[in-house]
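This briefing is for a reader who is new to the structure shown here. Please look over the sequence and the model before going on.

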Amino acid sequence: MKESSGAIRLDSIGVGRPGEDRRLSGITCTLQPGRVTLLIGANGSGKSTLLDVLGGLIVPDEGQVQFVAADERESRDRGEYERPAEGGLRGLKTAGVGMVFQFPEQQLFARTVKGEFDYSLRPLRVSKREAERRTAEALREVGLDGGALSLHPFGLSGGEQRRVAVASTLATEPAWLLLDEASAGQDAEGLRRMAAQLRRWSRQEGRGVVLATHDLAAFLPLADEVLVLVRGRLAAAMSREALLAAPAVLRQAGLALPDSVRAAAWLRARGLA
């Protein structure tokens, strides 16, 4: 396993002015590397907004996000962002966050698949050999080969476009990977491949994964931690095992119980843990 990438701390995060329809309010928690964290909640609960805050796309109106080094003494050098006095986004002092949006194919714009990777890797200033290694490895991760590099992204199928978008993010080797509704448009084989990738990314590579999703059936088995959002507030933060033992938390959040949770409750009611 690679060295831990360090945690992300959220302290009293609020998005939206007090007294108005707030998208987030009072979010305080710590996200740990080497773990898969699910963000779950009904539509409009704030999942995508919180993901955007983590990715630096939204500066919170209240609170602070801090990237903490594995060595606590280095945390002041790892970077943070908060609401600047005159508005606008103050850049992070540290890199290491890769984000895949809800419709990742909309991230594509280059003339070739290779161009997508070149654009993603350019800010890292890696050598040509290293760029080629990262590109080939990321393509393998998503089930594509080097023959795709010369193709036009918009000549690919929808599923292939999504895989290219994910791969060009993976190639940057971010310390934290943020995904919004990663199961959208994926078939069963694609979901199995993605689950294996996320498990390997967190367990073996020691990276942090935060996944906003409605698809509990696909991703709850992967989760180490689950954050439950209700109308912009953090209603619960618990392990997968704790959530399986408390299905009422999902019902109170307006979420349907996945088969695994209903089966666990049925077994527990009959004396089987």
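In which strand does leucine 177 lie? Leucine 177 belongs to strand β7. The model is a predicted one. Its protein chain has nine helices and 10 strands, and the notes below start with the chain as a whole before turning to single elements and residues.

**The chain as a whole**

- Of the 273 residues in the protein chain, 45% are buried.
- The protein chain exposes about 13,700 Å², and carbon and sulfur atoms supply 49% of that area.
- If one takes the contacts in the protein chain between residues at least 6 apart in sequence, 67% of them join residues at least 24 apart.

**Leucine 177 in strand β7**

- Leucine 177 has a relative accessible area of 3%, under the 20% limit, and therefore counts as buried.
- Outside its neighbours within four places in sequence, leucine 177 is in contact with Gly98, Val100, Thr169, Leu170, Leu198, Trp201, Gly208, Val209 and Val210.
- Leucine 177 and valine 36 are 141 residues apart in sequence, while their C-alpha atoms are 9.6 Å apart in space.

**Helix α5**

- Helix α5 covers residues 188-203, which makes 16 residues.
- At 1.5 Å a residue, helix α5 should span 22 Å, and its end C-alpha atoms are indeed 22 Å apart, so the two values agree.
- The buried residues in α5 are Gly190, Met194, Ala195, Gln197, Leu198, Trp201 and Ser202.
- These buried residues cover an arc of only 165 degrees around the axis, which means that they are on the same side of α5.
- An α-helix has 3.6 residues a turn, so residues three or four places apart point the same way.
- The cover over the buried residues of α5 includes the strands β3 (36-40), β7 (176-180) and β8 (208-212).
- The helices α3 (128-141), α4 (158-170) and α6 (216-219) are also included in that cover.
- Tryptophan 201, one of the buried residues of α5, has arginine 207 over the face of its ring, at 5.6 Å from the ring centre.

**Helix α2 and the aromatic pair**

- In α2 the buried residues are Val113, Glu116, Phe117 and Leu121.
- Viewed down the axis of α2, these residues fall within an arc of 120 degrees, so they line one face of the helix.
- Helices α3 and α4 are included in what covers the buried residues of α2.
- How many aromatic pairs are counted? The count comes to one aromatic pair.
- The pair is formed by phenylalanine 109 and tyrosine 119, whose ring centres are 4.9 Å apart; their planes are at 85 degrees, which is over 60, so the pair is edge-to-face.
- Phenylalanine 109 lies in the loop between β6 (97-100) and α2 (113-121), whereas tyrosine 119 lies in helix α2, so the pair ties together parts that are 10 residues apart in sequence.
- Tyrosine 119 has a relative accessibility of 48% and therefore counts as partly exposed.

**Positive phi angles in two loops**

- Most residues other than glycine have a negative phi.
- Arginine 125, which is not a glycine, has a positive phi of about 55 degrees.
- The place of arginine 125 is the loop between α2 and α3.
- With 77% relative accessibility, arginine 125 counts as exposed.
- Glutamate 173 is not a glycine either, and has a positive phi of about 50 degrees.
- The loop between α4 and β7 holds glutamate 173.
- With 22% relative accessibility, glutamate 173 counts as partly exposed.

**Exposed residues in helices α3 and α9**

- Is arginine 140 buried or exposed? At 58% relative accessibility, arginine 140 counts as exposed.
- Arginine 140 is part of helix α3.
- Along the chain, arginine 140 and alanine 167 are 27 residues apart, and 8.6 Å separates their C-alpha atoms.
- Aspartate 259 is found in helix α9, which covers residues 259-269.
- The relative accessible area of aspartate 259 is 54%, and the residue is exposed.
- Aspartate 259 and leucine 216 are 43 residues apart along the chain, with their C-alpha atoms separated by 9.1 Å.

How values were computed. Residues numbered from 1 in each chain as written. Predicted model: local features only at pLDDT ≥ 70, side-chain atom pairs only at ≥ 80, totals over all residues. Heavy atoms only, no water. Phe/Tyr/Trp six-rings, centres within 6.5 Å; stacked < 30°, edge-to-face > 60°. Helix = DSSP H or I, 4+ residues; strand = E, 2+ residues; numbered from the N terminus. Buried < 20%, exposed > 50% of the residue type's maximum accessible area, 1.4 Å probe, protein only. Lys NZ or Arg CZ within 6 Å of the ring centre and 35° of its normal. Expected span 1.5 Å × (residues − 1). Arc of directions from axis to C-beta. Contact = heavy atoms within 4.5 Å. Areas by Shrake-Rupley, 256 points an atom, 1.4 Å probe, with all protein chains shown as cover.
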